[in-house]
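Visitor: I'm new to this one and would like a close look at a single part. Through what surface do the copies meet?

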There are 2 protein chains.
Amino acid sequence: MDIWKRFGEKEVSHSMAHYLQAVASLKTEKGHARVGDIATHLGVSKSGVTSMLRSLQTRGLISHEKYGCVELTANGLRLAERTESSRLVITRFLTEILGVPEHVASEDACMIEHLVSPEVSVELLKLTSFMRSDHPAARQFLLAYRATPHNCTDHSPESCAVCQTSCLRDSLVRDVGTANERAGA
Amino acid sequence: MDIWKRFGEKEVSHSMAHYLQAVASLKTEKGHARVGDIATHLGVSKSGVTSMLRSLQTRGLISHEKYGCVELTANGLRLAERTESSRLVITRFLTEILGVPEHVASEDACMIEHLVSPEVSVELLKLTSFMRSDHPAARQFLLAYRATPHNCTDHSPESCAVCQTSCLRDSLVRDVGTANERAGA
DNA sequence: CCGTATAGTTAAGCTGCCTCAACAGTCTTG
DNA sequence: CAAGACTGTTGAGGCAGCTTAACTATACGG
């Protein structure tokens with residue numbers, strides 16, 4: 001039981017991932033990324049940007065000279081693109097296949113985009129693609145899936161293909177809406 | 001574009017979630033959870049545990065008096081159970097539906113378990129359950145899905161149901177195996 | 001070419017989560 | 001019931017990532 005500590009060993013942290021994405025998006029949007037732009041884009045102070053840029057430069061993900069524009073290195077671009085792709089794939093899967101509301105999907109995708117391994121993202125892309133294709137099995141499946149009620153009122157571990165010793169759903173449904181309250185507030 | 005900053009506003013942090021889970025699991029395993037047990041279980045120092053317990057107590061998630069055993073409050077138990085259920089659901093979805101290797105699934109699940117909203121977990125449970133049920137549409141789908149190659153060699157945005165402007169897969173596949181290298185090292 | 005506005009940097013300080021070292025409380029055992 | 005062995009706490013310190021305040025560099029109009 002040591003995986004959890006590797007949280008901090010990810011190639012980039014949550015913040016770093018968003019800084020890289022900000023740089024990439026500003027580059028395409030306005031042709032350059034400067035400290036002030038990044039600060040505005042992310043809603044942080046300029047000094048925060050400066051120090052994060054130092055850290056990203058040390059990691060070889062960007063290049064930035066004093067008072068100059070910020071450039072992504074090949075490695076930084078790779079990470080930015082991968083994170084962005086993950087985010088898109090996850091969002092589409094959540095909204096289009098799982099049918100989760102837009103704002104929940106966006107929020108969840110934003111939280112986990114950089115944590116999900118490329119392996120999983122690729123498989124998620126495959127599944128979502130196939131689900132949305134016109135393959136008859138996919139069409140049939142979605143029709144049947146949407147038509148089936150999943151109230152789980154008669155739930156029992158024996159009848160459930162996923163739960164084993166206890167109903168997982170019970171511990172999840174009671175918290176549904178928790179995030180919405182915050183979003184609505 | 002401000003969602004990303006709400007990362008720190010989650011009900012519990014990554015660390016906290018694992019502390020709660022550790023307490024819950026020690027309680028069922030050996031009947032009680034003490035500082036030393038938690039430290040061993042999580043691979044952190046006892047002093048780290050002490051200070052985290054203070055923080056969790058402040059948040060009303062545990063109760064702990066000096067030199068005593070640690071107890072989860074109702075709220076703490078709710079969170080621990082929810083996190084654990086999310087982890088199980090995500091892991092099963094990743095291994096059984098997406099077909100991702102065990103160690104990748106475990107690692108990813110451990111990273112994101114506390115970040116995905118209950119809404120998403122519930123939907124993931126529904127989908128996984130249905131997929132693994134004996135409903136003919138599910139059987140058919142899985143057969144067809146497994147049989148279809150997803151090499152994406154002939155990929156073009158127009159032919160892909162998910163990618164729009166560019167091939168998302170390209171930015172993902174080049175990084176596949178990155179995590180494995182680390183796991184293998 | 002100088003003065004001022006704007007953009008960027010440094011410095012100091014905060015919180016979260018960890019460490020190690022030292023101290024204190026509890027338990028066991030002769 | 002005291003000695004020594006654990007178990008747990010406190011304290012000081014480190015790193016990440018943020019903040020504000022104060023300083024510096026650049027750029028632009030008169």
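Guide: Let's start with a word we'll need: two residues are in contact if their C-beta atoms, placed from the backbone, lie within 7 Å. You're looking at a predicted model, where local features need pLDDT of at least 70 and side-chain atom pairs count only at pLDDT 80 or more, while totals for chains, interfaces and linings use all residues. Residues are numbered from 1 along each chain as its sequence is written, and chains are lettered from A and ligands numbered from 1 in the order in which they are written.

Now, to the place where chain A meets chain B. Here 66 residues of chain A are in contact with 66 residues of chain B. On chain A's side, at least two residues each come from helix 1 (14-30), helix 4 (74-97), helix 5 (102-112), helix 6 (118-132), helix 7 (136-147), helix 8 (168-173) and helix 9 (178-184). Of these, helix 6 of chain A gives the most, with 14 residues. The helices are DSSP runs (H or I, at least four residues), numbered from the N terminus. By kind, chain A's side splits into 35 nonpolar, 18 polar and 13 charged residues. In that split, Ala, Val, Leu, Ile, Met, Phe, Trp, Tyr, Cys and Pro are nonpolar, Asp, Glu, Lys and Arg are charged, and the others, Gly among them, are polar.

So what surface does each copy use? 100% of the interface residues of chain A are also interface residues in chain B, so the copies meet through the same surface. The geometry of the pair is worth a look too: a turn of 180° with a shift of 0.0 Å along the axis lays chain A on chain B with an RMSD of 0.0 Å. That is how a two-fold axis relates its copies. The superposition is by least squares on the C-alpha atoms of residues with pLDDT of at least 70 in both copies.

Let's zoom in on helix 7 of chain A. Its twelve residues should span 16 Å at 1.5 Å a residue, and its end C-alpha atoms are indeed 16 Å apart; the expected span is 1.5 Å times one less than the number of residues. Within helix 7 of chain A, the buried residues are Ala137(A), Ala138(A), Phe141(A) and Tyr145(A). They sit on the same side of helix 7 of chain A, because they cover an arc of only 95° around the axis. The arc is taken from the directions of the C-beta atoms as seen from the helix axis. Buried here means 20 or more other C-beta atoms within 10 Å of a residue's own, exposed means 12 or fewer, and partly exposed is in between.

What do those buried residues pack against? Their partners are helix 6 of chain A, plus helix 6 (118-132) and helix 7 (136-147) of chain B. On the face turned away from that buried side, helix 7 of chain A carries the exposed residues Pro136(A), Leu143(A), Arg146(A) and Ala147(A).

One more stop: Arg82(A), in helix 4 of chain A. Arg82(A) counts as buried because it has 26 C-beta neighbours inside 10 Å. Skip its neighbours within four places in sequence, and Arg82(A) is in contact with Pro118(A) and, across in chain B, with Ser171(B), Leu172(B) and Asp175(B). Back within chain A, the C-alpha atoms of Arg82(A) and Ser121(A) are separated by 9.4 Å, although the two residues are 39 residues apart along the chain.
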